[in-house]
Amino acid sequence: ADPALPPSSPMSAQEPPRPPSAAAEPPEPEPGGRYEAVVPHWFYCKVTDTRERWVPFSAQDSERLEEAHGSGKEQDEVVVPTSGGRYDVHLRARQRIAVYWQEEVSEVRRCTWFYKGDKDNKFIPYSESFSEELEEAYMIAVTLDEWKKKLESPNREVIILHNPKLMVHYHPVASSDDWVSTPTEQGRPRTVKRGVENIAVEIPNGEPLQIDHLVFVVHGIGPACDIRFRSIVQCVNDFRNVSLSMLQAHFKKAQEQQQVGRVEFLPVNWHSSLHSTGVDVDLERITLPSINRLRHFINDTILDVFFYNSSTYCQTIVDTVASEMNRLHQLFLQRNPQFKGGVSIAGHSLGSLILFDLLTNQKADPEEDEHLAQGSRTTSSTGSIEEVKEILKKLELSEYCDVFEKEKMDRQALFLCTEKNLKEMGIPLGPRMKILHYISSKTEMKHGDCLMNKSEHPLSQVSANYPQLNYKPSIFFAFGSPIGMFLTVRGVKRIDPNYSLPTCKGFFNIFHPFDPVAYRIEPMIVPDLEFEPMLLPHHKGRKRMHLELKEGLTRMSVDLKNNLLGSLRVAWQSFTRAPVPALEAGSTEAEAEAEAGMEKQPDTKAEEPPAAVKEETPLINVGRLNGGNRIDYVLQEKPIESFNEYLFALQGHLCYWESEDTVLLVLKEIYQTQGITLDQPLPGSQ
């Protein structure tokens, strides 16, 4: 703590007996009548790396705290929810306590007087009791118009009220926490200010009280979630703050009509419970002493991936994630009994894989299962006979199609066939061998090659007992996700287009183009078709300037090439006076190539001719994993990032927390489930 601050613990311990509190209320008007009571504002103390920072509560929170303080109920335990209900302030103890996660308790202070700190020129509030002394001295000085008032702080430092505009705190040069110096005016003078309105501090905006939707956010590997090594709690705070500003910018109409409040994002931490199993001590014993920092970094982060692939620790991780999400959901409902909204889940990196595995192992309602089964039966009866014809055509055995159709053989029946059955059907030995070889090769692959709507676990996951969630998520958002890679490594070659997550209808795979950990999902559903991911619209409603420029230059170069070829052809024809078919053919090829070059521009995210894009996208059927809608969404890189992909690779993996484009897609999809749309649809969005 700063030496000029009185020790906080004894002060806060002696809070209840506070006779001079009347000084905060407007006193009897004195003959001078110029005195007005100071308006208090409530602050809390944030400690980062042993550095204290005093942060103001929002205006609404401060008013609520002041109201509770003024009601005189401080002898009882009064608890005031603040920061959107995520922190409780215990008024009597002057403590701010996190509700949903573990965090150091913060000291809370009712602040009226401040002095400028040494290190970062930020203003620091005096203790409540000393502020009252200062206020009393100020009141007397103003009323009697007698200035040059000298006061001694609890640290025996001198404060002089020269006049209403100039008040100085003299900080002794030689003083330190361990030495008590005599009060002196010699030393560094520091500015003293009265009232929060006179100090340069940004008071945060409050949050809307109405919560429309709840999103649980699961972190990836390691305890740090971004380039600044911040925790999941800090990163989710950023995501929430960006969402509040995006709501104001893009849902103004709905906000004015009070259709929209806000979306609550809550972090889910599993790393700490995994590393509290004693595994760190075991790892410590076997870790080599060289390159110490790097090895500890690996033990703390990358090993999480290996832990997840081990059945022992995988069970710990999925149990922690599921039980934490169920606990948070229950606690949230207890604290928000009026909440009627839905719940979605989001995962970053490895967190998205954990959620995907959990979701694929949820049990749907029996009625839903029956409905799905009926649906698949109706499609299979006609579709599968056609499939058998396709298989026979592939094996060059089309002449036997009628035999199979007559016997009502669909794909499922074909795969149950034995040699005896085929012989009874009158199929000769050669074709019989071909068919049986095809069946055996496909059944071997089938042990993990396709993700189907089956009750058994089709994903070749690590054997674990996957817990059930207490709710059905509306949408699953994956940020920078390696799901595609893990499925492929597990032997899943393709995802059945009819497959959908049992309890979750929406799935979005969002990634930065340079994210080294991210993989696509759609090519696993539609392996035979090459197509680009959906380009995430820029939140300001247009494409980033450098992408437009890149596109414009590409188009210009193609036009120049075409014009040049055209003029050369005309010149050559007039020169030779004879048709030159070879050159014409060559030029048309070159033009076709140029046009193909134009079409191959989705990498430069061609959104300029929206007609072309819009014609193409609906034709791509990416199955039922996201209810028939597109799954893969790519962010637009920033201009500086396009200079060096490798340099920005790590940043690409950790950029999602502050990405307005990502947040806006999340909000758009969440509110679409409630029938609420953006004020203006963004170009290029689905």
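Across which strands does H4 lie, and at about what angle does H4 run to E14? In this predicted model, H4 lies across strand E13 (211-218), E14 and strand E17 (475-479). The direction of H4 is at about 170° to that of E14.

## The parallel sheet and its helices

The strands that H4 crosses, E13, E14 and E17, belong to an open sheet of seven strands with parallel pairing. The order of the strands across this sheet is E14-E13-E15-E17-E19-E21-E20. Its edges are formed by strand E14 (262-268) and strand E20 (534-535), each of which pairs on one side only. At the E20 edge, two bridges connect E20 with strand E21 (residues 632-634), and the two strands run parallel. Within this pair, methionine 534 has tyrosine 633 of E21 as its bridge partner.

Helix H10 (residues 311-335) also packs on the sheet, where it touches E13, E14 and strand E15 (342-348). The direction of H10 makes about 160° with that of E13. Both H4 and H10 therefore run roughly antiparallel to the strand named with each angle, as angles over 145 degrees are classed in this way.

## The crossing of H4 and H23

Helix H4 (residues 232-250) also meets helix H23 (residues 660-672); their axes come within 9 Å and cross at roughly 65°. The two helices are therefore roughly perpendicular to each other, and their crossing is right-handed. From H4, the contact involves Phe239, Val242, Ser243, Met246, Leu247 and His250. From H23, the contributing residues are Glu660, Thr662, Val663, Leu664, Val666, Leu667 and Tyr671. By class, the residues of this contact comprise nine nonpolar, three polar and one charged.

## The surroundings of phenylalanine 307

Phenylalanine 307 lies in helix H9 (residues 303-308). Is this residue, phenylalanine 307, buried or exposed? Its relative accessible area is 8%, and phenylalanine 307 is classed as buried because this value falls under the 20% limit.

Apart from residues up to four places away in sequence, phenylalanine 307 touches Leu274, His275, Val279, Leu283, Tyr313, Cys314 and Ile317. One of these contacts, leucine 274, is 33 residues from phenylalanine 307 along the chain, and the C-alpha atoms of the two are separated by 8.8 Å. Helix H10 covers residues 311-335, and Tyr313, Cys314 and Ile317 are among the residues that phenylalanine 307 touches.

## The antiparallel sheet

A second open sheet consists of six strands in the order E2-E1-E6-E5-E4-E3, with antiparallel pairing. Strand E2 (51-56) and strand E3 (79-82) stand at its edges; each has a single partner strand, so one side of each is left without a neighbour in the sheet. On average, neighbouring strands of this sheet are turned by 30° against each other, direction ignored. Edge strand E3 is joined to strand E4 (residues 87-90) by four bridges, and the two run antiparallel. In this pair, proline 81 has aspartate 88 of E4 as its bridge partner.

Isoleucine 97 is located in strand E5 (residues 95-98). With a relative accessibility of 27%, isoleucine 97 counts as partly exposed. Beyond residues up to four places away in sequence, isoleucine 97 touches Arg86, Tyr87, Asp88, His90 and Val105. Isoleucine 97 and threonine 82 are 15 residues apart in sequence, and their C-alpha atoms are 9.8 Å apart in space.

## From E6 to the E7 pairings

Threonine 112 occupies the loop between strand E6 (106-111) and E7. Its relative accessibility of 7% places threonine 112 among buried residues. Leaving aside residues up to four places away in sequence, threonine 112 touches Val38, Pro40, Ser131, Lys193, Arg194 and Gly195.

Which residue stands opposite tryptophan 113 in E12? The residue opposite tryptophan 113 is arginine 194. Strand E7 (residues 113-116) and strand E12 (residues 188-194) pair in the antiparallel sense over three bridges. Arg194 is also one of the residues touched by threonine 112.

E7 is also joined by three bridges to strand E8 (residues 123-125), again in an antiparallel arrangement. In this pairing, lysine 116 stands opposite phenylalanine 123 of E8. E7 and E8 form a hairpin with six residues between them. Asparagine 121, in the turn, has a positive phi of about 60°.

Key: Residues numbered from 1 in each chain as written. Predicted model: local features only at pLDDT ≥ 70, side-chain atom pairs only at ≥ 80, totals over all residues. Heavy atoms only, no water. Axes fitted to C-alpha atoms, helices over the stretch in contact; angles between N-to-C directions. Parallel < 35°, antiparallel > 145°, perpendicular 65-115°, else oblique. Left-handed = near helix turned anticlockwise from the far one by under 90°. Contact = heavy atoms within 4.5 Å. Nonpolar A, V, L, I, M, F, W, Y, C, P; charged D, E, K, R; others polar. Pairing = 2+ DSSP bridges. Buried < 20%, exposed > 50% of the residue type's maximum accessible area, 1.4 Å probe, protein only.
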